[in-house]
Amino acid sequence: IAVCIWYNPELSIGILEQKGWTSAFFQVWFKQLPHFKYDFNNQRVMFGLVSLLRMNEQQIPETIYNSMPLIIKEMVKLSTKILELREKDQSEIKEQDEEAVDCLLYTSPSPRDRQKSRMPSSA
């Protein structure tokens, strides 16, 4: 739904409003945000929320307009979480790179191995 809101916030919010689901949707959505563990999921949510801010003031339903302080608060939390996830990913990549270098150093052939093969020749 975040991508739908991002792509066409007026239509997406209009449907939620027609069904009377807007408040319940945002309450459940914000309650589930701590369970989003991956950067790309959190980015999509952020894109959806940012698109609400781009809507014309006349198009924003009263339920959302009155909830803007909460929406902005959730966006701040979400941006912090995205940065933390990226830092974690970068540190994991760095650790993997260090392990790969250690492995390459351990398995590198010695100069002696290049001079004369220790394997018997089959020729």
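Why are Lys 77 and Glu 74 separated by about one helical turn? The two residues are three apart in helix 6, and therefore about one helical turn lies between them. Their side chains meet in a salt bridge with an N to O distance of 3.2 Å, where a salt bridge is a side-chain nitrogen of Lys or Arg within 4 Å of a carboxyl oxygen of Asp or Glu.

The structure described here is a predicted model, in which local features need pLDDT of at least 70 and side-chain atom pairs count only at pLDDT 80 or more, while totals for chains, interfaces and linings use all residues. Residues are numbered from 1 along each chain as its sequence is written, and side-chain values use heavy atoms, with hydrogens and water left out.

**Overall build**

The protein has seven helices and zero strands, and from the N terminus on its elements run α-α-α-α-α-α-α. Helices (H or I, at least four residues) and strands (E, at least two) are DSSP runs, numbered from the N terminus. Of the 123 residues of the protein, 26% count as buried; buried means under 20% relative accessible area, exposed means over 50%, and partly exposed lies in between (1.4 Å probe, protein chains only). The protein exposes about 9,600 Å², of which carbon and sulfur atoms supply 57%, and such areas come from the Shrake-Rupley method with a 1.4 Å probe, where for residues only the protein chains shown count as cover. Among the contacts with a separation of 6 or more, 66% are made by residues 24 or more positions apart, a contact being heavy atoms within 4.5 Å.

**The nonpolar core**

In soluble globular proteins, nonpolar side chains tend to be buried together. The largest nonpolar core of this model has 21 residues, and those with the most contacts inside it are Phe 26, Trp 29, Leu 49, Leu 52, Ile 64 and Ile 71. Helix 1 (2-7), helix 2 (9-19), helix 3 (22-32), helix 4 and helix 6 (68-107) each supply at least two residues of this core, and the largest share, five residues, comes from helix 6. A nonpolar core is a set of buried Ala, Val, Leu, Ile, Met, Phe, Trp, Tyr and Cys residues joined through side-chain atoms within 4.5 Å. Leaving aside its neighbours within four places in sequence, Leu 49 is in contact with Phe 26, Trp 29, Phe 30, Ile 71, Met 75 and Leu 78.

**Aromatic rings**

Rings of Phe, Tyr and Trp (its six-membered ring) pair if their centres lie within 6.5 Å, and planes under 30 degrees apart count as stacked, over 60 as edge-to-face and the rest as tilted. By this rule the count comes to seven aromatic pairs. In one of them, the rings of Phe 26 and Trp 29 have centres 5.6 Å apart and planes at 55°, so the pair is tilted. Phe 26 and Trp 29 are three residues apart in helix 3, which means that about one helical turn separates them. Ring pairs also link Phe 25, Phe 26, Trp 29 and Phe 30 into a cluster.

**Salt bridges and the surface**

A search of the whole structure finds two salt bridges. Besides the pair named at the start, the side chains of Asp 39 and Arg 86 meet at 3.2 Å, N to O, and this pair links distant parts of the chain, with Asp 39 in helix 4 and Arg 86 in helix 6, 47 residues apart. The table gives the accessibility of the residues in these two bridges.

| Residue | Relative accessible area | Class |
|---|---|---|
| Asp 39 | 16% | buried |
| Arg 86 | 40% | partly exposed |
| Lys 77 | 46% | partly exposed |
| Glu 74 | 9% | buried |

On the surface, Val 3, Trp 6 and Phe 47 make a nonpolar patch of about 260 Å². Patches are made of residues with over 30% relative accessible area and no salt bridge, like charges being joined within 9 Å and nonpolar side chains (Val, Leu, Ile, Met, Phe, Trp, Tyr) within 5 Å. Phe 47 is found in helix 4 (residues 39-53), and at 35% relative accessibility Phe 47 counts as partly exposed.

Arg 54 has its place in the loop between helix 4 and helix 5 (62-66) and, at 56% relative accessibility, counts as exposed. Arg 54 and Trp 6 are 48 residues apart in sequence and 10.0 Å apart in space, C-alpha to C-alpha.
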